[in-house]
Amino acid sequence: MSDATARAIAPPRRRSGPLRWLRRNLFSSPLDTALTLAALYGLYLTLPPLVQWAFIDADWVGTSRADCTSGGACWVFIATRLEQFLYGFYPAAEQWRVNLGFGLLVAVLAALSWRGLRRRWLAAALLLGYPVVAYLLFYGGALGLAVVPTHQWGGLMLTLVLAIVGIVLALPLGVLLALGRRSELPLIRAACITYIEVWRGVPLITVLFMASVMLPLFFPEEVTLDKLLRAMIGIVMFQAAYMAEVVRGGLQAIPKGQYEAAEALGLGYWQRMGLIVLPQALRLVIPGIVNTFIALFKDTTLVLIIGLFDLLGIVQQAFADPDWLGYSVEGYVFAGLLYWVFCFGMSRWSQRLERRLGQGR
Amino acid sequence: MNGPPPRRGAGRWTGWGDPRLRAVAFQALFLAAVLALAGYVLHNTLANLEARGIATGFGFLSETAGFGIIQSLIDYSETSSFGRTFLVGLLNTLLVSALGILLATLLGFLIGVGRLSGNWLIARLADAYIEIFRNIPLLLQVFFWYFAVLRALPRPRESLSLGEAVFLNLRGLYLPRPLFEPGFELVVAALGVAVVAAGLLGVWGRRRRARTGRGLPTGWIGLALLIGLPTIAFLLAGAPLGWERPALAGFNFRGGITLIPELMALLLALSIYTAAFIAEIVRAGILSVAKGQTEAAAALGLRHGQILRLVVIPQALRVIIPPLTSQYLNLLKNSSLATAIGYPDLVNVFAGTTLNQTGQAVEVIAMTMAVYLTISLAISFAMNWYNARIALTER
């Protein structure tokens, strides 16, 4: 062995530090540098004016458009309309009912996810009891609560009601359709495949149009269906088809051995599905269900086309107010931000769930 | 033990324990329920239609429509029939979908690749784009572009212009229209020859490489052919191409090609929204190609471009194409949001105006749904065929 190879080599220089990082991540080649500079220039062109408009030059307090004098965003418009954006035309004296209703929902969900709650009947009671309580709170008509007709519902409250009812009713329907699609009975399978493919092949708007103009034709003349109810029926029928495909993914992921073992135990069809397959399959597709919910939450905006005032509908309607003409950008930014917070929050939650469920396996 | 287990069937009535009997009975019951429901609905519908004096059948398609449409790719006037209205709406839907798919794909691939860029800033910006635009409802974006952005553009007299040829104002985007003068056929013919020649060259180059192992830059030669031949033909024929520029006449622009604001708003929203989803698909597709594949290709001596073209992209596309197709279908279905801003697509002019004028909800909605359904199913079948063709052949 020669001297040269035996000689100690100095340790490599430390490869960290802000300059090193900049060099590697922003200026590693001429092209890279050009891209970075172009991006920085683009940001310089857009961000400062945006901040200037939204914060520095903005007006926050006031009661009318006369208070918007700084030339930036007029958040006064949002502030004076906030109640309407959140509750629609729900009477101010009854708005506590909406708050209580959604508060209870959060409480029920928290109770259900709490590990201490092992008693099945209690969970079932919460799940089945909540819709009744919520209906009484929102619509009224019993226990001394005044009836608030659904045409007064609107804003964020209506958006949430549509999305939550849609997903809650679409899930069981979707499970049945998914089971039907994998059924051995040819007639059932054909019917489920037809249903799923037809609904998935058409846009939601046509389904809503159908619900609003065709549904009344399907029932005897004396039956009158509420506009909101019709929209809900349309949304649930539509969403069930998408839910069925999500659940089918879960059913297909369960190893064949599980089905066979359940059969070997002598369990009947509904016992096999209810006790062995579905609990595993549904666990797998929770992230998929959350993603479906996000899509549905965004899709509820379409109900404004058939004349319901959801969050976007009511914001859009506020632009027509002659006292507040010309503040549409503020309205869209506000509505967009609300939708974004809900959707982004849920998608992050679904990603976390996915990781956690992935680890558990 | 004593004797064989009791056998099922075998001519003996075993009651409801026989699964085959149960299956038949259950399905018969199901069929009866579906038929009963259909009969009930049909009976009610016919009774309701009669009570309201609404005609049935498709006779209305040949009646005169009596309303105008702001954008039509084929001849249309107020005296045209409802059948013509249907066709105009369908073509407008296909137009916005095709343009939207093109733009969304370009933007989506750009952003998807940007998301994986080694440049930290570019990757963060692409990420921000994806997270912002896919989490805001599409309808809100359509409204934003239409009511907040395009309505804020200047009047025709103060139009934004680009080289006195392209104008942008409140009424829309005005582009020059190409005028093909006699002699332009020569250019088209030259392009056709170039396409055929480049194709043949490619095949010959591949065969030669397989036989002799020596490659040819057939791609570059083909490209030169494709650009060169038509250019030479164009110059030889004496540049037989003119432009009809839009010009201000009175209060508005005349001539050229006009993109109405409804089309622009819908196109912007659809492509920006869908691009966010496509970008995620592209990213997942590229990440799905194992790193060992790139390294192995490099070890074989392939150049960077060859690694991408021959190893990475074919494998990534296998993952990308199925979800990409479903995004295209979503875009087609989402184009029906046109009705909210008055772009004359199928849903707007047919399921909207035509339905209101004729009252024939069942026929009109069924026809509208059938169009979307046909396109969706056709693309699904094509997709399944493609999937089966490119599926991994495992040995």
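Me: How many helices and strands does chain B have, and what makes a stretch count as one or the other?

Reply: In this predicted model, chain B comes to 12 helices and 8 strands. A helix here has to be a DSSP run of at least four residues, while a strand needs at least two. So by those cut-offs chain B has both kinds of element.

Me: And what about chain A, how many helices and strands are there?

Reply: Chain A comes to 15 helices and 0 strands.

Me: Why is chain A called more spread out than a compact globule?

Reply: Set the value against the rule: for 361 residues the globule rule gives 21 Å, but the radius of gyration of chain A is 28 Å. That is well over the rule's value, so chain A counts as more spread out than a compact globule. Its C-alpha atoms fill a box of roughly 100 × 75 × 45 Å along the principal axes.

Me: What radius of gyration does chain B have, set against a compact globule?

Reply: Chain B has 29 Å, whereas a compact globule of 395 residues would have a value near 21 Å. The C-alpha trace of chain B spans about 95 × 70 × 45 Å along its principal axes. The domain assignment gives chain B a domain 1 (24–52) and a domain 2 (82–176 + 245–390), and the C-alpha centres of these two domains lie 40 Å apart.

Me: What makes a residue buried, and what share of each chain gets there?

Reply: The cut-off is 20 or more other C-beta atoms within 10 Å of the residue's own. In chain A, 31% of the 361 residues count as buried; in chain B, 28% of the 395 residues do.

Me: What makes a set of residues a nonpolar core, and how many residues has the largest one?

Reply: The members must be buried residues of certain kinds, such as Leu, Val and Ala, joined through C-beta atoms within 7 Å. The largest such core has 131 residues. Those with the most contacts inside it include A:L208 and A:V247 from chain A, plus B:L139, B:L140 and B:L266 from chain B. Helix α7 (residues 261–288) of chain B gives the largest share of this core, 15 residues. Apart from it lies another core, of 8 residues, among them A:C68 and A:W324.

Me: How do you know which residues B:L140 is in contact with, leaving aside its neighbours within four places in sequence?

Reply: Contact means C-beta atoms within 7 Å. By that test, B:L140 is in contact with A:T301, A:L312, A:Y332, A:A335, A:G336 and A:Y339.

Conventions: Residues are numbered from 1 along each chain as its sequence is written. Chains are lettered from A and ligands numbered from 1 in the order in which they are written. This is a predicted model: local features need pLDDT of at least 70, side-chain atom pairs count only at pLDDT 80 or more; totals for chains, interfaces and linings use all residues. A residue is buried if 20 or more other C-beta atoms lie within 10 Å of its own, exposed if 12 or fewer, and partly exposed in between; C-beta atoms are placed from the backbone. Two residues are in contact if their C-beta atoms, placed from the backbone, lie within 7 Å. The radius of gyration is taken over C-alpha atoms; the globule rule is 2.2 Å times the number of residues to the power 0.38. Domain bounds come from an automatic or database domain assignment.
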